[in-house]
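I opened this model today to take notes on its fold, its packing and its surface. My entries follow.

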Amino acid sequence: MLGAHAHGHSEETSLTCAPDGSGSKNPFQAVGSAVTYLQRYTLKAALGLSAEIDDDAQSAAPRPDSQMRHQAEVKTISQEQFVQIREKADEAGVSEDQITKAAGIEHLHDLPADSFAPLMRKLQSTINARKPDVIDASEIPY
């Protein structure tokens, strides 16, 4: 790219590359892709521009199924699991607010289903830690 000022100053910027054969492009698409890429970067260089974040247009690409599923509604606990958590939390002396705050959710019903088992184990662990050790009289040495 050549830019000239009215008083004679000029700057030249050029970039070269091979055709972009990535993906399943035919030869014409490979050349077109390379030209588009070079135009973008040549223009940015000539104008002295830089992108704060340049993902090479990846954000414009369709999202893979895994990302789409991630954005889909997360499966939450059932009503039965909700009741079980409340009962176990009461036994452990843990409030619903403590659970929701630790889980980063607004309401206990919003707890992801895959968090149910780990939460129940944690609550049981809290219960076990609060129980006094019971010693069987037969275990006491005389």
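I count two residues as in contact when heavy atoms lie within 4.5 Å. I keep in mind that this is a predicted model.

**Overall layout**

I looked up the elements and found 5 helices and 2 strands. From the N terminus on, I read them as β-β-α-α-α-α-α. I then checked burial: of the 142 residues, 17% count as buried. The exposed area of the protein comes to about 11,500 Å². Carbon and sulfur atoms supply 54% of that area. For contacts with a separation of 6 or more, I find that 49% join residues 24 or more positions apart.

**Helix 5**

I went to helix 5 next, which runs over residues 116-130. Its 15 residues reach 21 Å from the first C-alpha to the last. That is close to the 21 Å expected at 1.5 Å a residue.

Which residues of helix 5 are buried? I list Phe116, Leu119, Met120, Leu123, Thr126 and Ile127. They cover an arc of only 120° around the axis, so they sit on the same side of helix 5. The spacing fits a rule I know: an α-helix has 3.6 residues a turn, so residues three or four places apart point the same way.

What do these buried residues pack against? I find helix 3 (79-92) and helix 4 (96-103) as their partners. I also looked at the face of helix 5 turned away from the buried side. The exposed residues Arg121, Lys122 and Ala129 are carried there.

**Threonine 100**

I stayed with helix 4, where threonine 100 is found. Is threonine 100 buried or exposed? Its relative accessibility is 8%. Buried means under 20%, so threonine 100 counts as buried. I then looked up its contacts, leaving out residues up to four places away in sequence. Threonine 100 touches Ile105, Glu106, His107 and Leu108.

**A nonpolar patch**

My last stop was the surface. Which residues form a nonpolar patch there? I note Leu43, Leu47 and Leu49. Together they have about 300 Å² of accessible area.

I picked out leucine 47 for a closer look. Leucine 47 lies in helix 1, which spans residues 27-47. Its relative accessible area is 56%. Exposed means over 50%, so leucine 47 is exposed.

How values were computed:
Residues numbered from 1 in each chain as written. Predicted model: local features only at pLDDT ≥ 70, side-chain atom pairs only at ≥ 80, totals over all residues. Heavy atoms only, no water. Patch = residues over 30% accessible without salt bridge, like charges linked within 9 Å, V, L, I, M, F, W, Y side chains within 5 Å. Areas by Shrake-Rupley, 256 points an atom, 1.4 Å probe, with all protein chains shown as cover. Salt bridge = Lys/Arg side-chain N within 4 Å of Asp/Glu carboxyl O. Helix = DSSP H or I, 4+ residues; strand = E, 2+ residues; numbered from the N terminus. Buried < 20%, exposed > 50% of the residue type's maximum accessible area, 1.4 Å probe, protein only. Expected span 1.5 Å × (residues − 1). Arc of directions from axis to C-beta.
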